[in-house]
Amino acid sequence: MGVTGARTLSLNTLVRLQRELRPPAAPLPRLRLPVPDGMTAPMGCDAVAVPARFGPLVMPRLPRVGCVYADETHWWWLVPSDSDYALEWPAPARYDTGAVVPDAPDLPHLIHRPDGTLPYTPPIPLYLAVCRLTDTAPSWSRPVTA
């Protein structure tokens with residue numbers, strides 16, 4: 001027999017109450033790839049990351065290389081903001097909006113700085129190079145399905 005007036009707590013309620021008892025976790029610092037001194041980014045900056053093993057293979061395939069940052073696991077190219085518009089960057093590449101580097105314990109090192117004042121690598125040649133290395137057809141050349 002049930003107890004009249006007793007309130008049943010759902011698992012969701014118990015989990016919410018448990019979380020409210022814990023102090024909030026300190027947010028992880030958001031590391032952002034900097035635009036080097038003396039350079040300007042009038043179109044804003046995003047970044048394209050590839051695993052470090054692909055980095056040296058991408059560089060010679062590009063007609064112009066902008067700022068490139070690297071650590072032991074990834075290489076990042078600065079590109080103009082919204083360079084992911086209508087592009088599906090193939091895995092294992094990753095598009096990082098705002099040039100924020102998730103999961104990096106420290107800020108990667110600048111390994112290439114172009115001449116001039118613009119830090120950008122042109123996104124279309126970079127996209128094509130990454131597609132080529134990953135054996136992925138560019139998104140605009142794939143068949144359309146209904």
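## Overall architecture

Of the 146 residues in the protein chain, 38% are buried. The model described here is predicted. The protein chain contains three helices and five strands, and from the N terminus on these elements follow the order α-β-α-β-β-β-β-α.

Contacts within the protein chain can also be sorted by separation in sequence. Among those between residues at least 6 apart in sequence, 77% join residues at least 24 apart.

## Helix H3 and what covers it

Helix H3 spans residues 123-133, and its buried residues are Pro123, Leu126, Tyr127, Ala129, Val130 and Cys131. An α-helix has 3.6 residues a turn, so residues three or four places apart point the same way. The cover over the buried residues of H3 includes strand S1 (45-51), helix H2 (55-58) and strand S3, the last of which comprises residues 74-80.

Just after H3, the backbone at Asp135 adopts a positive phi of about 55 degrees.

## The loop between S3 and S4

Strand S3 (74-80) and strand S4 (94-96) are separated by a loop that holds Ser83. With a relative accessibility of 8%, Ser83 counts as buried, because buried means under 20%. A polar atom of the Ser83 side chain lies 2.6 Å from the backbone oxygen of Pro80. When neighbours within four places in sequence are left aside, Ser83 is in contact with Asp46, Trp89, Tyr95 and Pro123. Pro123 is also one of the buried residues of H3.

Asp82 belongs to the loop between S3 and S4 as well. Asp82 is not a glycine, yet its phi is positive, at about 65 degrees. Whereas Ser83 is buried, Asp82 is exposed, with a relative accessible area of 57%. Pro92 is likewise placed in the loop between S3 and S4, and the peptide bond leading from Ala91 to Pro92 is cis, with omega near 10 degrees.

## The loop between S4 and S5

A further positive phi is found at Ala99, a residue other than glycine, where the value is near 55 degrees. Ala99 is located in the loop between S4 and strand S5 (109-112). At 1% relative accessibility, Ala99 counts as buried, while Asp82 is exposed.

## Cysteines without a disulfide

How many disulfides does a search of the whole structure find? The search finds zero. Cys45 is in no disulfide, and the nearest cysteine sulfur, that of Cys67, is 7.9 Å away. A disulfide requires the two sulfur atoms to be within 2.5 Å, so the distance of 7.9 Å from the sulfur of Cys67 to its closest counterpart, in Cys45, is too far for a bond.

Both residues are nevertheless shielded: Cys45 is buried, with a relative accessible area of 13%, and Cys67 is buried, with a value of 0%. A further cysteine, Cys131, is among the buried residues of H3.

## An internal cavity

The structure contains one cavity of 30 Å³ or more. The largest cavity encloses about 40 Å³ of space. Which residues line the largest cavity? They are Val50, Phe54, Val58, Pro92, Ala93, Val130, Leu133 and Thr134. By class, this lining has seven nonpolar residues, one polar residue and no charged residues.

Several parts of the chain described above meet at this lining. Pro92, which follows the cis peptide bond from Ala91, is one of the lining residues. Val130, a buried residue of H3, also contributes to the lining.

Methods:
Residues are numbered from 1 along each chain as its sequence is written. This is a predicted model: local features need pLDDT of at least 70, side-chain atom pairs count only at pLDDT 80 or more; totals for chains, interfaces and linings use all residues. Side-chain values use heavy atoms; hydrogens and water are left out. Helices (H or I, at least four residues) and strands (E, at least two) are DSSP runs, numbered from the N terminus. Buried means under 20% relative accessible area, exposed over 50%, partly exposed in between (1.4 Å probe, protein chains only). A polar contact is a pair of N or O atoms within 3.5 Å; within protein, one must be able to donate a hydrogen and the other to accept it, and residues adjacent in sequence count only if both atoms are side-chain atoms. Contact means heavy atoms within 4.5 Å. On a 1 Å grid over the protein atoms alone, a cavity is a set of points where a 1.4 Å probe fits but cannot get out, and a pocket is an open set with protein on both sides within 12 Å along at least five of seven lines; lining residues have an atom within 4 Å of a point. Grid points are joined across faces, edges and corners, and a volume is the space filled by probe spheres set on the points. Ala, Val, Leu, Ile, Met, Phe, Trp, Tyr, Cys and Pro count as nonpolar, Asp, Glu, Lys and Arg as charged, and the others, Gly among them, as polar.
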